[in-house]
Structures are given as structure tokens and as C-alpha cells.
Amino acid sequence: MPKLYDYVLSGSCYKVRLLLSLLGIAYETQAVDFFPGREHKRPEFLALNPLGQLPVFEDAGLVLRDAQAILCHLANTYDASGQWLPRDVRFGSVMMWLSFAGGELMAISGARMIAMLNYAGDLAALQAKARAALRLLDDHLADRAQAGGLWLVGATPTIADIAMFPYVALSHDAGIGHEDYPAINLWQRQVRKLPGFVGMPGVPDYF
Amino acid sequence: MADWIPIALSRDVPVGITRAVIVDTREVMIWRGEDGVAQVWEDRCPHRGMRLSLGFVRGNALNCLYHGWQYGAGANCLRIPAHPDLTVPPTIRANAYAATETGGMVWMSSDSADPPPLLPALTPVITLAIEAAPERVLAALGGSTAEPLIGLPFAGGTLQLGWHRAHAAKTMLHATGAGADIAAATAHLRALRQSLEQEAAA
């Protein structure tokens, strides 16, 4: 059975849990004491992922790190419909949003660790970067809505939406509300309505 | 400040949704039940202070996410799940503002001393957050902070822009236009946002 090395408060682990749930895949978890235990920096975990980062996903002998790579693996392996990782003209756009989710949008994660777990860092600078990323997303979603689209890419939800959703929904933990982002407010409700949606602490199942 | 303030495009608050808005540093929320009426309340549950915008709409009621206290359109508490047999005293209520919708926008008033504005139906274009003081934004648009609406010439027509102050250095613009090319108007307003923010940062 596939195994997720998991920390319940991690937005990156939540990306994987959310897609596993949406696809109806049975899996087991192994809890990693990220905080305060810093288990992800211990030798046993570094043997799985030398970067010392969550999540890690084991599946049929594969050991994968990076939430975006794991989403691609899950869609590629378990989604026969091809909806979640389309192989047509939409492919490049989906990859673009995956990179953004693992890149610029992670400013929210950094700000959240400072605000929530008292990590060291420049909170104001990370919040400014997070706001820039959220504005870019809101502008894109507003354009999509004006063209009649509900999702980041194309006419169906894809792993682009799943990679983007967690840290957008968790931005409150980083001291950033959604007041400035009306299109994000509408989109995140569509994600919550997907059959098989699951929440996490800070992301209610209700909508 | 004008009595009635436009705080959102009606389009951005469909049935069943909550929307948080900051109005002159106050935390405000809008929700719309199945009856289609937009409600504008203080964003705070009177029970434990939870933001009601994080709650959820069922039918014509808003439910707080924290303990499920349920409020009806009249802002009175209908139900407290931990005390299912309790007839809730009418004194338990959310803090509601006067609200109306006109010109494709949701408007609120703290004292509703003046009658609400009455505008023709206008096509929603976009709401933009601009990191610049309302005085600066309105001056650049050729308007003034004394009026809640500005007419902005665009492509041979006029965009009607509602605005509200989020805080001293942030302006929310709610753009509408009759017959305007929505995508072109949106691009025009985003360019305006960029130049206003660059000036404000300089």
C-alpha cells in the first residue's frame, strides 16, 4: 500500500492527502514529528529525502519527494481519465502552476511557520511576497471567471488547482486574509465542493 | 465619509457564499442566503469573536464555524447546537449594518440616515485592491473622496467606479460599465493600479 510520510499541519502534505482523497486511493501514513521534534532532519528521514523536507511518498518501490512531483505521480498512475494531469495543450499551463505552487506561493508557508511556529525570519518580507503571489492568482482567476472558467486551467479541476489550494486556504495562519481577492474567494469554494474533498486543521470541510 | 459605501460587486457574492471585506479598518462580512438578499454584518460572532466570514451558509442562515451558532437574516441567533432545546433570547444577535444593492454593487451604511442610492443596472467589471491612499487614487481618477462613485471615461463610454477605504493606504475599487469590453476595461484598470502603486511607493 502507498505510504505518505506526513505531518498533519503541513500544507504540502495536505496537497498529497487531498489528491489521494479525491482519487479514492487507499494509503497509509507515517506521522513525522516535524515540530517540535525536527524528525525530518534526523538521519533516518534524511535517508529517505536528503533535502530533509516533507512530504515523502513511497509507492511500489518508488520513493518520491516534492509535493508537486507526487501529485504528478498520483495523477499519472491512478487517474485513468487523464483529467487531473491533461496530456494535451493544457499540460504546459498545469506545469506552470505547479512550479508557482512550489515556488512563489511558498512565501505563505514561510510566513506561516514564523507566525504559527515561531520560526526565525522576516515575516513582513514574506507576507509581501505572499501578497504578490495571491494577487497574481486572483488576477488569473478573475480573467478565467470573465471567460466563464471555474478552474486554473481548462474546463475541469486539475492538479494545478490541488497544488495551489492548500497554502491559499492556509494564508489566514500567515496573517493574510482574502479580503483583497474576490476571485480567489469564489474559486476556493469550488475546490471545497469537489466530491471527496477533505480539509485539515485550518481548512474546514464546510463551505 | 459618505453615508452609503459600495463594498463589493454583487457578482462576487453569489448565493451561499461569505465574503470578508475591510471597510475603513473595520472587519466586515457579506453573505447571501437562498432568498438572494445580501447581508452585511460585522465580521464577528457575538459568542466568541470568531470571524463569521469563515462560517458557512445553509438556506437563509449563517453558521459560525466555531460552535455552530446560527443566525438568520434578521441577525438574531436562531440556534445554539450545544443547547438544542433552548429558545434563544432575542438579545443574542450579530451586529448588522444597513445594506442594499444597486448599480451591480453591494452597499453598506453604519447609520443609514440618508436613503440608499438608486442606480441603473451596471455590468460588473472587476474589484481591485490598490495599495495607495484613497485621496491619491481619487485625485488621479479626477474624482474626490466626497463621492462614493466616479465616472471614468473609457473607450468612448464611461466606467462607473465605486470605491471604499480599506485603510489609510489601501483603496478598493469596484468597477462597472454598461456595454464596456470587460477584458479591455480590466486591463486598463490593472495598468492604472500599477501606476498608482508605483507612485505611492516612490
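The exercises below, each with a worked solution, go through the domains, the chain interface and two buried residues of a predicted model.

Residues are numbered from 1 along each chain as its sequence is written, and chains are lettered from A and ligands numbered from 1 in the order in which they are written. In this predicted model local features need pLDDT of at least 70, side-chain atom pairs count only at pLDDT 80 or more, and totals for chains, interfaces and linings use all residues, while side-chain values use heavy atoms, with hydrogens and water left out.

**Exercise 1. Describe how domain 1 and domain 2 of chain A meet.**

Step 1, the parts. Chain A is divided into domain 1, residues 3–78, and domain 2, residues 91–192, the bounds coming from an automatic or database domain assignment. Taken over C-alpha atoms, the centres of these two domains of chain A are separated by 21 Å. Domain 1 of chain A brings 15 residues to the contact and domain 2 of chain A brings 17 residues, where contact means heavy atoms within 4.5 Å.

Step 2, the area. About 1300 Å² is buried between the two domains of chain A, and carbon and sulfur atoms give 76% of it; buried area is the accessible area (1.4 Å probe) that two parts lose on being put together, summed over both. Lys15(A), Phe35(A) and Gln68(A) supply 31% of what domain 1 of chain A buries against domain 2 of chain A, more than any other three residues.

Step 3, the polar terms. Between these domains of chain A there are zero salt bridges, a salt bridge being a side-chain nitrogen of Lys or Arg within 4 Å of a carboxyl oxygen of Asp or Glu. Three residue pairs, both residues at pLDDT 80 or more, are in polar contact across the interface of domain 1 of chain A and domain 2 of chain A. A polar contact is a pair of N or O atoms within 3.5 Å; within protein, one must be able to donate a hydrogen and the other to accept it, and residues adjacent in sequence count only if both atoms are side-chain atoms.

Step 4, the elements. On the side of domain 1 of chain A that touches domain 2 of chain A, α1 (11–23) and α3 (67–78) of chain A each supply at least two residues, and α1(A) gives the most, with seven residues. Helices (H or I, at least four residues) and strands (E, at least two) are DSSP runs, numbered from the N terminus.

**Exercise 2. Describe the interface between chain B and chain A.**

Step 1, the extent. Chain B contributes 29 residues to the contact and chain A contributes 18 residues. The two chains bury about 1900 Å² between them, with 47% of it on carbon and sulfur atoms, and Ile17(B), Arg19(B) and Arg190(B) supply 23% of the area that chain B buries against chain A, more than any other three residues.

Step 2, the charged and polar pairs. Six salt bridges are counted between chain B and chain A. Arg135(A) forms a salt bridge with Glu197(B), in which the closest N and O atoms are 2.6 Å apart. The count of residue pairs in polar contact between the chains, with both residues at pLDDT 80 or more, is 13.

Step 3, the elements. Several elements of chain B, including β2 (18–23) and β14 (170–177), each supply at least two residues of the side that touches chain A, and the largest share of that side, six residues, comes from α2(B).

**Exercise 3. Place Tyr5(A) and Asn63(B) in their surroundings.**

Step 1, Tyr5(A). This residue lies in strand β1 (residues 3–6) of chain A. Tyr5(A) counts as buried because its relative accessible area is 7%, and buried means under 20% relative accessible area, exposed over 50%, and partly exposed in between (1.4 Å probe, protein chains only). Tyr5(A) and Val56(A) are 51 residues apart in sequence, yet their C-alpha atoms are 5.2 Å apart in space. The side chain of Tyr5(A) also makes a polar contact with the side chain of Glu58(A) (3.1 Å).

Step 2, Asn63(B). This residue is placed in strand β6 (residues 61–63) of chain B, and Asn63(B) is buried because its relative accessibility is 6%. The side chain of Asn63(B) makes a polar contact with the side chain of Gln70(B) (3.1 Å). Beyond its neighbours within four places in sequence, Asn63(B) is in contact with residues including Phe56(B), Val57(B) and Trp69(B).
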